[in-house]
Amino acid sequence: MGDTNKNVARMIYYALHALQHRGQEAAGICVHDGKSIHSYRGIGLVAEVFTETQIALLPGAVGIGHVRYPTSGAHTLENSQPILVKYRDKTIAVAHNGNLVNSGELRSELEGAGDIFSTTSDTEVIAHLLVKEIQRYDLADAVRAVMRRLVGSYSLAIMCNDTVIGLRDPLGIKPLCIGAIDDGIVVASESVAIDALNGRLIRDVAPGEMVVLRDGEMNCIRLVNSPRPAHCIFEYVYFARPDSIMDTKLIYDVRVNIGSILADEHPADADIVSPIPDSGITMAVGYHQRSGIRYKECLMKNRYVGRTFIMPDQSMREAAVRMKMNTIRPNIEGQRIVLVDDSIVRGTTSRRIVKMVKDAGAQKVHVRIGSPPIIAPCYLGIDMASRDELIAAHKTVAGVETVIDADSLGYVSLEGLIRAIGLPEDHFCTGCLTGIYPLDIPGERSMSSQRRLTDFPPNDGGG
Ligand code: AMP
């Protein structure tokens with residue numbers, strides 16, 4: 001984020017709050033005050049990591065921030081971001097949303113050449129590569145050279161002295177957008193961060209595009225071109241906030257559409273439709289609107305039960321589940337209920353909730369899911385589960401229905417999901433739903449041969 005007048009750390013702090021759903025493990029902010037970089041990181045939620053005093057110790061008009069959701073690297077303070085790497089008169093800070101598939105090879109190569117790593121995060125590999133290239137090339141060519149080496153998903157905020165760079169991988173797998181605020185420009189994973197600063201969404205960063213913020217100016221350069229993007233489809237299903245606009249689509253509308261298509265594809269003879277909170281709410285609204293079945297909530301989530309709630313044994317674990325989610329018994333007794341959730345991963349949530357709703361007196365429970373079955377792991381930035389743990393990787397829909405003990409189970413079709421989003425059908429990464437990935441991943445099927453990337457020649461602006 002670049003802001004010509006204000007204390008940018010406070011603004012980044014607000015923006016990180018808006019992005020808290022994207023990672024709860026750690027948070028960090030780096031700023032540049034015109035002379036040097038100041039940085040603070042900690043384990044925990046944004047509000048736990050940053051105090052007034054901490055923010056006051058971060059002076060500067062430009063900066064970057066991050067909330068961490070681990071997809072690679074251990075749960076340690078060192079692995080929290082932004083990651084800082086110093087060389088000669090320059091300091092580079094990197095904040096990364098995504099996951100590299102080839103970070104192991106790159107790290108071995110860099111270590112072989114004498115680099116010393118201080119984290120186990122794939123993001124540090126990016127920082128080391130950039131440090132090397134920046135000694136040989138100007139900024140755009142250095143970033144282009146780094147991109148040629150990276151395989152995986154990466155939306156990046158990089159600070160190189162007082163220049164901030166936003167960069168989206170060539171397939172645009174993870175989101176990234178640009179916004180205008182008073183006296184400044186913001187690049188963020190989701191538009192809700194721009195809203196939090198009372199700013200205005202300008203547009204999405206294009207796949208393969210670099211946005212350079214320097215001295216209050218913005219310069220955009222398309223570094224790599226790909227025939228078509230491969231946006232993560234799970235962002236629309238689960239990950240992003242409903243109030244975000246992502247790759248031109250309002251997530252709220254997408255999820256209402258999903259619910260509506262689910263109602264057409266899997267109607268149910270039922271008295272009420274209820275979400276599994278919170279992720280199923282918007283889809284349940286769509287199911288209700290399309291089917292005409294009354295919307296009535298059967299479950300309430302307690303938002304104040306912490307992530308780190310201690311559960312020493314099975315009975316305590318069950319108590320924790322009851323503390324997190326409670327049934328609204330009078331809404332349930334004797335009713336035929338459609339329960340809507342966004343996804344089934346291991347099947348644990350659906351099984352537990354069907355049981356709770358049946359124990360509370362439901363006559364029938366029909367489960368409707370706003371994504372197709374998740375049959376394959378994600379290597380590109382969503383911490384899902386291993387193939388062994390994915391219930392739909394091993395069971396048919398009827399098999400899953402039996403395990404979760406639903407009276408019926410219906411998943412939205414892939415075609416229906418894509419229609420709900422409203423982008424062209426070949427613009428997505430659907431790896432978790434099809435087992436076919438947009439990049440070469442060892443041991444998996446890929447469609448990368450159809451997606452040859454082409455560099456724009458050096459110094460051809462393109463954007
Ligand atoms: P499971 O209980 O393993 O079947 O997980 C399904 C539930 O977890 C659904 O209610 C989803 O909203 C939620 N969910 C889906 N994907 C993720 C994820 N990557 N991380 C955390 N929760 C998720």
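**Exercise 1.** Work out whether Y238 is buried, exposed or partly exposed, and do the same for its ring partner F234.

*Solution.* Start with Y238: at 41% relative accessibility it counts as partly exposed. The scale calls a residue buried under 20% relative accessible area, exposed over 50% and partly exposed in between, with a 1.4 Å probe and protein chains only. F234, at 3%, is therefore buried. A word on the material: this is a predicted model, where local features need pLDDT of at least 70, side-chain atom pairs count only at pLDDT 80 or more, and totals for chains, interfaces and linings use all residues. Residues are numbered from 1 along each chain as its sequence is written, and side-chain values use heavy atoms, with hydrogens and water left out.

**Exercise 2.** Classify the aromatic pair of Y40 and F50, then say which parts of the chain the pair ties together.

*Solution.* First, the rule: rings of Phe, Tyr and Trp (its six-membered ring) pair if their centres lie within 6.5 Å; planes under 30 degrees apart are stacked, over 60 edge-to-face, and the rest tilted. By this rule there are eight aromatic pairs. Next, the geometry: the ring centres of Y40 and F50 are 5.7 Å apart and the planes meet at 70 degrees, so the pair is edge-to-face. Then place the residues: Y40 belongs to strand β3 (residues 37-43) and F50 to the loop between α2 (46-49) and α3 (52-56), so the pair links parts that are ten residues apart in sequence. Helices (H or I, at least four residues) and strands (E, at least two) are DSSP runs, numbered from the N terminus. Finally, exposure: Y40 is partly exposed at 29%, whereas F50 is buried at 3%.

**Exercise 3.** Classify the pair of F234 and Y238 and locate both residues.

*Solution.* The centres are 5.7 Å apart with 35 degrees between the planes, and the pair is tilted. Both residues lie in helix α8 (residues 233-239), four residues apart, about one turn of the helix.

**Exercise 4.** Find the edge strands of the open five-stranded sheet and one bridge inside it.

*Solution.* Write down the order, β19-β18-β22-β23-β24, with parallel pairing; two strands pair if DSSP finds at least two bridges between them. β19 (294-295) and β24 (408-411) each have a single partner strand, so one side of each lacks a neighbour in the sheet. Further in, β22 (residues 336-341) and β23 (residues 364-369) pair in parallel over six bridges. As an example, V338 has H366 in β23 as its bridge partner.
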